[in-house]
Amino acid sequence: MNEHQRSLLLESSSHFLPPKGVKLSYGTAGFRADATLLRSTVYRAGILAALRSLKTQSVIGLMITASHNKVSDNGVKIADPNGGMLSQHWEPFADSLANASDPIQLVQLIDDFVRKELISMDNGYPAEILLGRDTRPSGESLLDAAKQGISSIIGAVLHDMGILTTPQLHWMVRARNMGMKSTENDYFQQVSNSYRCLVKLIPDASKARKLNDNLVVDGANGVGGDKLEVLKDLCGDLSIEVRNTSNGEGVLNEGVGADFVQKEKFLPSGFGQGDVGLRCASLDGDADRLVYFLVKPDVKMIDLVDGDKILSLFALFIKEQLNILKDNNDEKTSDPYHPRLGVVQTAYANGASTAYLKNLGLDVVFTATGVKYLHEKASEYDIGIYFEANGHGTILFSDSVLSWLEAKNSVLSSCSGSKVQNAVSRLLAVSKLINQAVGDALSGLLLVEAILLHTGWSIQNWSELYKDLPSRQLKVKVCDRTAVITANAETVVVQPAGIQEAINTETAAKYPHGRCFIRPSGTEDVIRVYAEAATQEEANSLANAVAKIADQFLGSGSS
Ligand code: 16G
Ligand code: MG
């Protein structure tokens, strides 16, 4: 690092001293905390993004959001060149950067890291960063901090893309680095064109349309509803009513949104008896999660159609298209290529969904919680579908399967309208509709809508694919959650010794069909408990019993 760069960093960072006594960690999905604590962290994330851009010689994204957290929180995360999460290998550097106590220490850290990572700071490639933020009021001042961080690296160029959903920013970064069109309008065009293409390919679209009434969407009082208003108008004959946009009276994520609906199984604000029987969906605060639900006639409860059911719907559809290609292949050609279709879940996936997917003959694998793990695993397949029960997920298409489909497409173009040609076109349209960088509530919602039209299913038909096992989630506050180390995709506790045996004994003794695990949260200072059993009462009581075990072994942190 030359002297000019060093003094620029020293001067600029002196305006962003970290708050005293706060330790921040990059966590599962970037830094998150009360927004008033974050200016120095976001400034430093700006520096990190610029260094990452220099290292990869690619465009990097920086998103200011705290997703489904309360409106007074905020956060920041980095999108890597492929539009995915920041390489895990850089997370420890992110942590030390955020926690450096003064400008001298900060510059020393940067200097050491730049040397270790062999980052050339003047090789002619300027750092280039795309910036986005959600609708949080604190976003504007934090955006300014990010800009100052980026600008403290000589030559760095930044593009403020304005208020966006998190998946839009990830999409733009990926598109930019692939040399494709990458504005917000390009996103809307690509997604809406692919949706319309899928609808055109429905054998009897007008009949299907009649079966499907309006969709009502809860936008969590955030950015997702606002963007959906724009997108739906580009989708042609699609009837969506958007409630809880950011322009209304409601507070972001307060009693609304996908996280609330999925965890509480409760009606979001703005929905009521008038919505009984309608197909409803809910987005989270930055629109990277999607769940559907049905309002029940009696109380304020809902029938939840969660990420596992979205996954099942997608898996069925993709499998159907692949089967069409396979059948044709066996009869007429000797194409040696058989795409590997895989499904990725976490321990939170309802056991009934896993059984259903395995019954379909699908390859189902598990990873730890957090998009970075699921995404990585799904990318090992030709077509990898991943979803968390909370509604975050997407479908990844490998380069090889895309080339195969493109090649088939051009060979088949003479038999336009044939079954096989349509299946190829559908798969290609799905690959363009569904976000290849990260789970995206808006594109996921359009794919659900297209598949429901294709199958002619109501939300009731979809919901009845299988019946969820009753489940219960609890949080336990403990002294040190990092003392809990898990293995086997978080299904087994290996440390502290003895906890897993106690959980096993409790489960085996009283809950013959029970399943329970604990894991340290990556976003809150708690241990999470998940229990599943034959009845709701049993699931509740198993969760409570295991929460007690956790408390006994780990000590209460509520002193
Ligand atoms: C974050 C993760 C989500 C995960 C959740 C778990 C991303 C983009 N988001 O929201 O995938 O399900 O954390 O939270 O990775 P927890 O660790 O507090 O249970
Ligand atoms: Mg989110």
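Student: Is D284 buried or exposed in this structure?

Tutor: In this predicted model, residues with under 20% relative accessible area count as buried. D284 has a relative accessible area of 1%, so D284 is buried. D288 is likewise buried, because its relative accessible area is 7%.

Student: Which protein atoms are donors of the magnesium ion (ligand 2)?

Tutor: A general reference for reading a metal site is the ideal angle, which is 109.5 degrees for four tetrahedral donors and 90 or 180 degrees for six octahedral ones. In this case the protein donors are S67 (OG), D284 (OD), D286 (OD) and D288 (OD), and they lie 2.0 to 2.2 Å from the magnesium ion (ligand 2).

Student: How are the donor residues of the magnesium ion (ligand 2) spaced in sequence?

Tutor: The spacing is S-x216-D-x1-D-x1-D.

Student: Where is N69, and is N69 buried or exposed?

Tutor: N69 belongs to the loop between β2 (59-64) and β3 (73-79). N69 counts as buried because its relative accessibility is 16%. Setting aside neighbours within four places in sequence, N69 is in contact with R32, R136 and N253.

Student: How should one read the largest nonpolar core?

Tutor: The general idea is that nonpolar side chains tend to be buried together in soluble globular proteins. Here the largest nonpolar core has 81 residues, of which Y292, F314, I318, I395, L445 and W462 touch the most other members. As for I318, apart from neighbours within four places in sequence, its contacts are L341, I383, I385, I395, F397, L427 and V430. Another core, of 43 residues, lies apart from the largest one and includes Y43, L51, I129 and L142.

Student: At what angle do helix α6 and helix α7 pack?

Tutor: An angle of 65 to 115 degrees counts as roughly perpendicular. Helix α6 (residues 166-177) and helix α7 (residues 184-200) pack at about 95°, and their axes are 10 Å apart. Therefore α6 is roughly perpendicular to α7.

Student: Which residues of α6 and α7 meet?

Tutor: From α6, Q168, W171 and M172 meet E184, D186, Y187, F188 and Q190 of α7. The residues of this contact comprise four nonpolar, two polar and two charged.

Student: Where is P470, and what is P470 in contact with?

Tutor: P470 is placed in the loop between α17 (459-463) and β15 (471-476). Its C-alpha atom is separated by 6.5 Å from that of A534, although the two residues are 64 residues apart along the chain. Beyond neighbours within four places in sequence, P470 is in contact with A531, E532, A533, A534, T535, Q536 and A539.

Terms used: Residues are numbered from 1 along each chain as its sequence is written. Chains are lettered from A and ligands numbered from 1 in the order in which they are written. This is a predicted model: local features need pLDDT of at least 70, side-chain atom pairs count only at pLDDT 80 or more; totals for chains, interfaces and linings use all residues. Side-chain values use heavy atoms; hydrogens and water are left out. Axes are lines fitted to C-alpha atoms, for helices over the stretch in contact, and angles run from 0 to 180 degrees between N-to-C directions. Helices (H or I, at least four residues) and strands (E, at least two) are DSSP runs, numbered from the N terminus. Angles under 35 degrees count as roughly parallel, over 145 as roughly antiparallel, 65 to 115 as roughly perpendicular and the rest as oblique. Contact means heavy atoms within 4.5 Å. Ala, Val, Leu, Ile, Met, Phe, Trp, Tyr, Cys and Pro count as nonpolar, Asp, Glu, Lys and Arg as charged, and the others, Gly among them, as polar. Donors are N, O and S atoms within 2.8 Å of the metal (3.2 Å for Na, K and Ca); water is not among the atoms, so sites may look incomplete. Buried means under 20% relative accessible area, exposed over 50%, partly exposed in between (1.4 Å probe, protein chains only). A nonpolar core is a set of buried Ala, Val, Leu, Ile, Met, Phe, Trp, Tyr and Cys residues joined through side-chain atoms within 4.5 Å.
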